[in-house]
Amino acid sequence: MHFDSGEERMLELKRIFCPVDISPESAQALRYAVALTRAYQAELTVCHCIESNAAPAFAQVAVMQATLRNELAEHVCLACPDAIDWQPLLVQGEAATQIARAAAEQRADLIVMRSRRRPHAAALLGSTAEAICRTAPCPVLITHPGEREWAGLTSNDVGLESILLAHDFSSDAEVALTFATSLAQQFQAELHTLHVLAPPGVDTEVERAAGLLHRAVTDDVQWWSRVKHNVRAGKPYREILLYAEEEKIDLICMGTHGAGFGMRALFGSNVDRVLRQAPCPVLIARPRKPAVVPALVEEDEARHGLWLTPELQTSTH
């Protein structure tokens, strides 16, 4: 990707990783994965995790691989006659741990997955998607049912028109900024930035935050994208959700460890609440890392055994 100014910024999505649980709902993430795979000419891995303790029989593995192919075909064949480079992958163990590990081993640049809307009573237990966001080796794009959607609805194109960047001036927010500006350029989308102050948000704080937002987004970004900077006061998750609703945002992009948007394992963090209530897909941007927490992987392998052998994996095009 090249900017009109001659300055080069590259968002390389060479390997996209899409976990599915072989259900119609989770398979909807494939629409996004296929659309982004085509847009970036990437490689796609479609992964299913077998959570049982017993090793699956060869015939069971073959059936699962065929199911993955059929699910992918539903989102590719009719709208996209061009072949995409993809492979099915089966792993075994606790889903969140093994999916994160698989993404690391595949050197994924982006994980794309579906998360179910859950009742508030169940929110304390978390979800596989939220758990993966905490340990993922790369950014994670989370979609939900009943939200504003922009990928693969009638074709394998990406109809991304507006992006909201939640920025708290942390190093992790800078990772989110790189993703947001690169996506805005790739799809000619409108870029909104938002910083949330603690109430009451006096004028001097608002002016300072607005100045920092303007400096964070370089001038050349405005050559290909309309940019809107915003500063509000209140609870970060509420203001993010409210702004996304008001402006009909297509994608919320945020970092994982900032002071205002910290990714914490406890119930009630701003990121968790945005993930659960967002009116559109959410991209949790984080630096690439080589592997998940080793202790979690070793513990899970002790309970469930190792990966399925490579002989039981196939690659098709």
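Trainee: Where is P200 found?

Mentor: P200 sits in the loop between β7 (190-197) and α8 (203-216). Helices here are DSSP runs of H or I with at least four residues, strands are runs of E with at least two, and both are numbered from the N terminus. P199 and P200 are joined by a cis peptide bond, with omega at about 10°. Most peptide bonds are trans.

Trainee: What should I keep in mind about the model?

Mentor: This is a predicted model: local features need pLDDT of at least 70, side-chain atom pairs count only at pLDDT 80 or more, and totals for chains, interfaces and linings use all residues. Residues are numbered from 1 along each chain as its sequence is written, and side-chain values use heavy atoms, with hydrogens and water left out.

Trainee: Why does K248 count as exposed?

Mentor: Its relative accessibility is 56%. Exposed means over 50%, buried under 20% and partly exposed in between, with a 1.4 Å probe and protein chains only. K248 is therefore exposed. The residue lies in the loop between α9 (236-246) and β9. Its phi is positive, about 55°, although K248 is not a glycine. R107, in the loop between α4 and β4 (110-114), also has a positive phi, near 55°.

Trainee: What makes the pair of Y40 and F187 edge-to-face?

Mentor: Rings of Phe, Tyr and Trp (its six-membered ring) pair if their centres lie within 6.5 Å; planes under 30 degrees apart count as stacked, over 60 as edge-to-face and the rest as tilted. Here the centres are 6.1 Å apart and the planes stand at 80°, so the pair is edge-to-face. Y40 in helix α2 and F187 in helix α7 are 147 residues apart. Both are buried.

Trainee: How many aromatic pairs does the rule give?

Mentor: Two. Y32 and W150 form an edge-to-face pair, 4.8 Å centre to centre with 85° between the planes. Y32 lies in α2 (29-40) and W150 in the loop between β5 (140-143) and β6, so this pair ties together parts 118 residues apart in sequence. Y32 and W150 are both buried.

Trainee: What makes α4 oblique to α6?

Mentor: α4 (95-105) and α6 (128-135) pack at about 45°, with axes 9 Å apart. Under 35 degrees is roughly parallel, over 145 roughly antiparallel, 65 to 115 roughly perpendicular, and the rest oblique. That makes α4 oblique to α6.

Trainee: How long is α7, and how does its reach fit the expected span?

Mentor: α7 (171-187) has 17 residues and reaches 25 Å from first C-alpha to last, close to the 24 Å expected. The expected span is 1.5 Å times one less than the number of residues. Of those 17 residues, 13 are buried.

Trainee: Why does one side of β3 and of β8 lack a neighbour in the sheet?

Mentor: The open sheet runs β3-β2-β1-β4-β5-β10-β9-β6-β7-β8, with mixed pairing. Strands pair if DSSP finds at least two bridges between them. β3 (85-92) and β8 (227-233) stand at the edges with a single partner strand each, so one side of each is left without a neighbour.

Trainee: Which strands pair with β9 in the parallel sense?

Mentor: β6 (162-166) joins β9 by four bridges, and β10 (282-284) pairs with β9 over three. I163 stands opposite L251, and I252 opposite V282.

Trainee: How do you know that both faces of β9 are covered?

Mentor: L251 and C253 on one side, and I252 and M254 on the other, are all buried.

Notes:
Axes fitted to C-alpha atoms, helices over the stretch in contact; angles between N-to-C directions.
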